[in-house]
Amino acid sequence: MVVPVEPTAEQSARPAVDAELHRRLVYGDESALGEVYAAYGGLVRRVAARVTRSPAAAEDVAQEVFAQLWSRPYAFDARRGSLRTWLSMLAHRRAVDWVRSEARHRKAGADDAALHAIPDAGPGPDETIVDRERSLLLHTALAELPEPQREVVHLAYFAGRTYRQAAHELGIPEGTAKTRLRSALRKLAESLAEPPDPAWERGA
């Protein structure tokens with residue numbers, strides 16, 4: 001047989017005390033916040049510490065909980081439960097948020113470390129010299145093209161147009177633009193000793 005435990009006088013009076021403290025908080029009474037903290041600060045820290053497993057984090061969570069109570073006292077509704085229960089739930093929720101945030105930070109840190117571990121894929125000194133030489137050859141070859149062909153090449157490969165768009169901008173037939181482009185690419189290929197790219201000829 002379970003013998004019911006009679007609540008102590010303090011426990012019986014607590015709801016009325018909490019209701020009065022809540023009323024004072026709503027009216028901005030700072031001393032009421034201190035009294036609530038004295039009554040439930042330890043409880044909030046214990047709840048937070050069980051979730052975060054960090055005394056420092058538990059202190060931070062407790063500060064957030066009571067800061068929210070101070071800034072938004074009307075969020076507590078006595079009809080839905082006691083102030084003790086509400087503060088415990090809020091502490092648990094904030095502690096879970098802290099754990100999730102820490103997990104995201106650890107993952108982000110691991111990702112950054114992995115990225116830093118990847119060797120630099122940038123060109124070396126020799127590759128840079130070769131690129132410069134190729135660029136010089138290309139510009140020289142372009143300069144030697146007839147003006148009509150150079151215009152089509154510029155629009156198609158430096159301005160990102162298709163040969164159809166280039167024809168429209170230059171006010172020439174599409175067939176003419178395509179013919180100029182093909183001729184220009186062949187001349188460039190001969191100058192650079194490389195075969196023309198079929199995709200360029202299609203104006204893709």
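Trainee: At what relative accessibility does Glu59 count as partly exposed?

Mentor: This is a predicted model, in which local features need pLDDT of at least 70 and side-chain atom pairs count only at pLDDT 80 or more, while totals for chains, interfaces and linings use all residues. Residues are numbered from 1 along each chain as its sequence is written, and side-chain values use heavy atoms, leaving out hydrogens and water. Buried means under 20% relative accessible area, exposed over 50% and partly exposed in between, with a 1.4 Å probe and protein chains only. Glu59 counts as partly exposed because its relative accessibility is 34%.

Trainee: Which residue does Glu59 meet in a salt bridge?

Mentor: A salt bridge requires a side-chain nitrogen of Lys or Arg within 4 Å of a carboxyl oxygen of Asp or Glu. The side chain of Glu59 meets its partner at 3.6 Å, N to O, and that partner is Arg45. The pair links distant parts of the chain, 14 residues apart, with Glu59 in helix α3 (residues 55–71) and Arg45 in helix α2. At 26% relative accessibility, partly exposed is also the class of the partner, Arg45.

Trainee: How many helices does the protein have?

Mentor: Helices are DSSP runs of H or I with at least four residues, strands are runs of E with at least two, and both are numbered from the N terminus. Along the sequence the pattern reads α-α-α-α-α-α-α-α-α. Strands number zero, and the helices number nine.

Trainee: Where is the kink in α2 centred?

Mentor: Helix α2 (residues 30–52) has 23 residues, yet its end C-alpha atoms are only 29 Å apart, short of the 33 Å of a straight helix; the expected span is 1.5 Å times one less than the number of residues. The bend at a residue is the angle between axes fitted to the seven residues ending there and the seven starting there. The buried residues of α2 include Val36, Tyr40, Gly41 and Val44. The kink is about 55°, and its centre is Tyr40.

Trainee: Which residue just after α2 takes a positive phi?

Mentor: Helix α2 covers residues 30–52, and the buried residues of α2 include Thr52. Just after α2, a positive phi of about 55° is taken by Arg53.

Trainee: Is Arg24 buried or exposed?

Mentor: Arg24 lies in helix α1 (residues 9–26). Beyond neighbours within four places in sequence, Arg24 is in contact (heavy atoms within 4.5 Å) with Asp29, Ser31, Ala32 and Glu35. At a relative accessible area of 17%, Arg24 is buried.

Trainee: Which residue forms a salt bridge with Arg24 at 2.9 Å, N to O?

Mentor: Arg24, Asp29 and Glu35 are linked in a network of salt bridges. At 2.9 Å, N to O, the side chain of Arg24 meets that of Glu35. Arg24 lies in helix α1 and its partner in helix α2, so the pair ties together parts that are 11 residues apart in sequence. At 39% relative accessibility, the residue that counts as partly exposed is Glu35.

Trainee: How far apart are the closest N and O atoms of Arg94 and Glu64?

Mentor: Arg94 counts as partly exposed at 28% relative accessibility, and Glu64 counts as partly exposed at 37%. The structure holds eight salt bridges. In the one between Arg94 and Glu64, the closest N and O atoms are separated by 3.4 Å.

Trainee: What percentage of the 204 residues is buried?

Mentor: Among contacts between residues at least 6 apart in sequence, 56% join residues at least 24 apart. Of the 204 residues in the protein, the buried ones make up 25%.
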